[in-house]
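The following exercises introduce a protein chain that is new to the reader. Please attempt each task before reading its solution.

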Amino acid sequence: MPKNSNTDQKPQCLQTDVSGSIIHELKILAEYAELHLMNKKNWELRKNDRNFKVGDKVNFKIIRSENKECLYFGEYERNIDFVFEGGKYGLEKGYCILSIS
């Protein structure tokens, strides 16, 4: 069965800022966004399918998922300060931990 190109594509990096840094658009559940916004969580574990780099930015889109429907609640931006690549110290290859501020 052919894949539906509208639902199977990964979100893309849509823009760059004036310094040339890539701005990655990522969804985040409201419960985790709240921890970022309260400065209780300054990291993010993600599949590294976007080649995240130090100096890039992440525009988090806050969602709440109910009954398979995603409800949009707002957005905020963070800078990527460090990228810990998987494949060592127990983190699976292809994943990364982003240190963000």
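## Exercises on a predicted model

The bridge partner of Lys 47 in strand S6 is Tyr 95. The model is predicted, and the exercises below begin with the whole chain before returning to this pair of strands.

**Exercise 1.** State how many helices and strands the chain has, and in what order the elements run.

*Solution.*
- Step 1: The count gives two helices and six strands.
- Step 2: Read from the N terminus, the order of the elements is α-β-β-α-β-β-β-β.

**Exercise 2.** Describe the chain by its burial, its exposed area and its contacts.

*Solution.*
- Step 1: Of the 101 residues in the chain, 33% are buried.
- Step 2: The exposed area is about 7,300 Å², and 51% of it comes from carbon and sulfur atoms.
- Step 3: Among contacts with a separation of 6 or more, 49% join residues 24 or more positions apart.

**Exercise 3.** Determine which side chains of strand S3 are buried and how S3 pairs with strand S6.

*Solution.*
- Step 1: In a regular strand, side chains alternate between the two faces of the sheet.
- Step 2: Strand S3, residues 43-47, shows such an alternation: Glu 44 and Arg 46 point to one face and are buried.
- Step 3: Trp 43, Leu 45 and Lys 47 point to the other face and are not buried.
- Step 4: S3 pairs with S6, residues 95-100, in the antiparallel sense, over five bridges. One of the partnerships between these strands is that of Lys 47 with Tyr 95.

**Exercise 4.** Explain why Arg 46 counts as buried, and identify the polar partners of its side chain.

*Solution.*
- Step 1: Arg 46 lies in strand S3.
- Step 2: The relative accessible area of Arg 46 is 18%; buried means under 20%. Arg 46 therefore counts as buried.
- Step 3: A polar atom of the Arg 46 side chain lies 2.8 Å from the backbone oxygen of Lys 27.
- Step 4: The side chain of Arg 46 also makes a polar contact, at 3.2 Å, with the side chain of Glu 44, which points to the same face of the strand.
- Step 5: Beyond its neighbours within four places in sequence, Arg 46 is in contact with residues including Leu 26, Ile 28, Phe 52, Phe 60 and Cys 96.

**Exercise 5.** Is Leu 35 buried, partly exposed or exposed, and to which surface patch does it belong?

*Solution.*
- Step 1: Leu 35 is located in helix H2, residues 30-37.
- Step 2: The relative accessibility of Leu 35 is 31%, so this residue counts as partly exposed.
- Step 3: Leu 35 forms a nonpolar surface patch with Leu 29, Tyr 32 and Met 38; together the four have about 320 Å² of accessible area.

How values were computed:
Residues numbered from 1 in each chain as written. Predicted model: local features only at pLDDT ≥ 70, side-chain atom pairs only at ≥ 80, totals over all residues. Heavy atoms only, no water. Buried < 20%, exposed > 50% of the residue type's maximum accessible area, 1.4 Å probe, protein only. Helix = DSSP H or I, 4+ residues; strand = E, 2+ residues; numbered from the N terminus. Pairing = 2+ DSSP bridges. Contact = heavy atoms within 4.5 Å. Areas by Shrake-Rupley, 256 points an atom, 1.4 Å probe, with all protein chains shown as cover. Polar contact = N/O pair within 3.5 Å; in protein donor to acceptor, adjacent residues only side chain to side chain. Patch = residues over 30% accessible without salt bridge, like charges linked within 9 Å, V, L, I, M, F, W, Y side chains within 5 Å. Salt bridge = Lys/Arg side-chain N within 4 Å of Asp/Glu carboxyl O.
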